[in-house]
Amino acid sequence: MSTEFKALIVEKAEDGSFSRSIGSRNVADLPEGNVLVRVQYSSLNYKDALSATGNPGVSRNFPHTPGIDAVGVVEQSESDQFSVGDEVIVTSYDLGMNTSGGLGQFIRVPDSWVLKRPEHLSAQEAMTFGTAGLTAGLMVNALLEGGLTPDSGPVLVTGATGGVGSVAIAILAKLGFTVTAASGKRDAHDFLKSLGANEVIDREELSDNSRPMFKTVWAGVVDVVGGDMLSNALKSCKYNGVVTCSGLVGATDFTTSIFPFILRGVRLIGIDSVECDMAVRTAAWQKLSSDFKTHKLDELTTEITLEEVEAHLLKMLEGKSHGRVIVNMA
Ligand SMILES: NC(=O)c1ccc[n+]([C@@H]2O[C@H](COP(=O)([O-])OP(=O)(O)OC[C@H]3O[C@@H](n4cnc5c(N)ncnc54)[C@H](OP(=O)(O)O)[C@@H]3O)[C@@H](O)[C@H]2O)c1
């Protein structure tokens, strides 16, 4: 099939710098895979900003089309699991990293990366969740599996205005939890409260890592920041507290004493939505389309065109992003 399509193309210059433009690509040049998907919507995640600016830990081969999320319709299939016309979601694995991603109007991927879009989730809603929402869903699920209930006490969400944080707040609020949002944006308190946060604190308040333990506050934690904020959260957990961590926007390292684990039974659970099992992923998407489906999705979402992606990616790298950005690929 030889079809031209529109895509974000990241190029590497001889001096090692990276530039981005909207250009034309051909389906014939897409990588091998047994399912070709016409992309309706993509979304922006922190990893897309890293890929688009040439972070070698994310993307190594250029020219490249980023986009770790895509929702769309199967255009061609050599898989016995998917037929032409199926409405599908593809997130993570290698999509948008070193495999041409959802910020192009077509993707070609192995069927093992593809799942059917749940019945009660529109294409836009699926991308409002996207990888960020899937990750938030897995984190909330880990808190529930760890035994947390709304009566356990407050749950702390860090990186609160970001993609993972904002979706986590909305899901936790829907489930009846008391949520404290930690944010670096003083002007975002109304936004965070509208999502369901009961309290908003400045992220600086959680930067102290000077003592082996702190006063107990949190029953659970959703952390995307890492570093001292994760250390502080671990040391401030109640007995049997559950801390989930998935991100590193603050730092990749953290230090803690052993005391939260051996004196308070605190559990630290790592969350990965990139390589997680398809059965876990499918169950999480079912939850996102039912129990976890919040009526705050519209408030969370900004819809943009491919032409507007550049400005939003740069904002994301500066830590100035806000909620979820979905990209209309029509
Ligand atoms: N493990 C996985 O499978 C997985 C999946 C998805 C994402 N992630 C990771 O999770 C993290 C968040 O992703 P995202 O898509 O939510 O990103 P995002 O939309 O860019 O949000 C990150 C938020 O973190 C806060 N922040 C930014 N810089 C910070 C700093 N230096 N110190 C403290 N807080 C800072 C900001 O919120 P405030 O201004 O409100 O504080 C920002 O909006 C990233 O590290 C991403 O790679 C991991």
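**View 1. Strands S8 and S9 run side by side.** In this predicted model, strand S8 (residues 155-158) and strand S9 are parallel, and 4 bridges join them. Two of the pairings are handy to look for: Leu156 has Thr180 of S9 as its bridge partner, and Val157 stands opposite Ala181. How does the chain get from one strand to the other? Helix H3 (residues 163-174) belongs to the picture here: S8, H3 and S9 make up a β-α-β unit, and that unit is right-handed.

**View 2. S9 pairs with S10 as well.** Strand S10 (residues 199-202) also runs parallel to S9, and 4 bridges hold the pair together in the bridge count. Look for Ser183, whose bridge partner in S10 is Asp202. To get from S9 to S10, the chain passes through helix H4 (residues 189-195), making a β-α-β crossover that is right-handed.

**View 3. S9 is tucked away on both faces.** Let's zoom in on residues 179-183, the whole of strand S9. On one side sit Val179, Ala181 and Ser183, on the other Thr180 and Ala182, and every one of them is buried. Why can we call S9 largely enclosed by the rest of the structure? Because 5 of its 5 residues are buried.

**View 4. S8 is covered too, and has a partner in S11.** Val155 and Val157 point to one side of S8, while Leu156 and Thr158 point to the other, and these residues are all buried. Strand S11 (residues 218-223) runs parallel to S8, with 3 bridges between the two. Leu156 is worth a second look here: its bridge partner in S11 is Val221, and its bridge partner in S9 is Thr180.

**View 5. The ligand and its surroundings.** How many residues surround the ligand? There are 26 of them, and the closest are Thr161, Val164, Ser183, Lys185 and Ser273. Ser183 may ring a bell, as this is the S9 residue paired with Asp202. Now for some polar atoms. A polar side-chain atom of Thr161 is 2.7 Å from a ligand oxygen. Ser273 uses its backbone instead: a polar backbone atom there lies 2.7 Å from an oxygen atom of the ligand. For Ser246, a polar backbone atom is 3.0 Å from a nitrogen atom of the ligand. On its own the ligand would expose 920 Å², and the protein buries 87% of that.

**View 6. A hairpin made by S1 and S2.** Here the strands run antiparallel: 9 bridges join S1 (residues 4-12) to S2 (residues 18-26). One pair to find is Lys6 in S1, which stands opposite Ser24 in S2. Between the two strands of this hairpin there are 5 residues, and Gly16, in the turn, has a positive phi of about 90°.

**View 7. Cysteines without a bond.** A disulfide is a covalent bond between the sulfur atoms of two cysteines. How many disulfides does the count give here? It comes to 0. Take Cys237: the nearest cysteine sulfur belongs to Cys245 and is 12 Å away, and Cys237 is in no disulfide. Why is Cys276 unbonded? Its closest cysteine sulfur, also that of Cys245, is 15 Å away, which is too far for a bond. Are these two cysteines buried or exposed? Cys237 is buried, with a relative accessible area of 0%, and Cys276 is buried at 12%.

Conventions: Residues numbered from 1 in each chain as written. Predicted model: local features only at pLDDT ≥ 70, side-chain atom pairs only at ≥ 80, totals over all residues. Heavy atoms only, no water. Buried < 20%, exposed > 50% of the residue type's maximum accessible area, 1.4 Å probe, protein only. Pairing = 2+ DSSP bridges. Right-handed = clockwise from strand over helix to strand, strands pointing away. Near = heavy atom within 4 Å. Polar contact = N/O pair within 3.5 Å; in protein donor to acceptor, adjacent residues only side chain to side chain. Areas by Shrake-Rupley, 256 points an atom, 1.4 Å probe, with all protein chains shown as cover. Disulfide = S-S within 2.5 Å.
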